[in-house]
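These are my notebook entries on a few places I looked up, kept in the order in which I went through them.

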Amino acid sequence: MRLKTADLTTIYLREPINGQDDEGNIIKNGWGNPITIKMNVQSAGGTVNAQIWGKDLKYIKSCKYQGNLINEGQQENWGICLHVAKDAEPDYLINSIQTFSDHKNITLEKRNKGSDPNG
């Protein structure tokens, strides 16, 4: 399967940066440098997704990606800048990654649900 170039959207992948507070607890200190990638991004839909996500389905994106920058078991919970500038706080997080022989299905979940009526 080849993803059609015209259907690809440029997005920015950002790694979460973790630190420690005075008591040794791990806290999030921000986001790493943006990495430019292209993937097919669509609103999630269908009966199965409706059963899984319920009312939150409107905050879910279903993506197809071909490349090696996102891998199953490594980039879950990384940030995605989809509708915001690449240096802004990511508006989506990678929820799940499913690897197939020639592409990866990636589920994105909106951060700060309900704060942006366009998202």
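Entry 1, Glu15. I began with the exposure of Glu15 in this predicted model, and found a relative accessibility of 39%, so I entered the residue as partly exposed, since that value falls between the 20% limit for buried and the 50% limit for exposed. I then placed Glu15 along the chain, where the residue sits in the loop that links strand S1 (9-14) to strand S2 (16-20). Which residues does Glu15 touch, leaving aside those up to four places away in sequence? I listed Gly30, Trp31, Gly32 and Trp78. For Trp31 I also noted the separation from Glu15, which is 16 residues in sequence but 5.6 Å in space, taken from C-alpha to C-alpha.

Entry 2, His103. I next turned to another loop residue, His103, which lies between strand S7 (92-99) and strand S8 (104-110). Is His103 buried or exposed? I noted a relative accessible area of 11%, which is under 20%, and therefore I recorded His103 as buried. I also looked up polar contacts of the His103 side chain, and wrote down one of 3.0 Å to the side chain of Asp102 and one of 3.2 Å to the side chain of Asn105.

Entry 3, cysteines. I searched the structure for disulfides and found zero. Cys63 is in no disulfide, and the cysteine sulfur nearest to that of Cys63 belongs to Cys81, at 13 Å. Why is Cys81 without a bond to Cys63? Because the two sulfurs are 13 Å apart, whereas a disulfide needs them within 2.5 Å, the distance is too far for a bond. I checked the exposure of each residue as well, and Cys63 is buried with a relative accessible area of 1%, while Cys81 is also buried, with a value of 1%.

Entry 4, strand pairing. I followed strand S5 (residues 60-65) to its partners, and noted that S5 pairs with strand S4 (residues 35-43) in the antiparallel sense over four bridges. Within that pairing, I recorded Lys64 of S5 as the bridge partner of Asn40. How many bridges join S5 and S8? I noted six, again in the antiparallel sense. For Tyr65, the bridge partner that I found in S8 is Lys104.

Definitions and conventions: Residues numbered from 1 in each chain as written. Predicted model: local features only at pLDDT ≥ 70, side-chain atom pairs only at ≥ 80, totals over all residues. Heavy atoms only, no water. Buried < 20%, exposed > 50% of the residue type's maximum accessible area, 1.4 Å probe, protein only. Contact = heavy atoms within 4.5 Å. Polar contact = N/O pair within 3.5 Å; in protein donor to acceptor, adjacent residues only side chain to side chain. Pairing = 2+ DSSP bridges.
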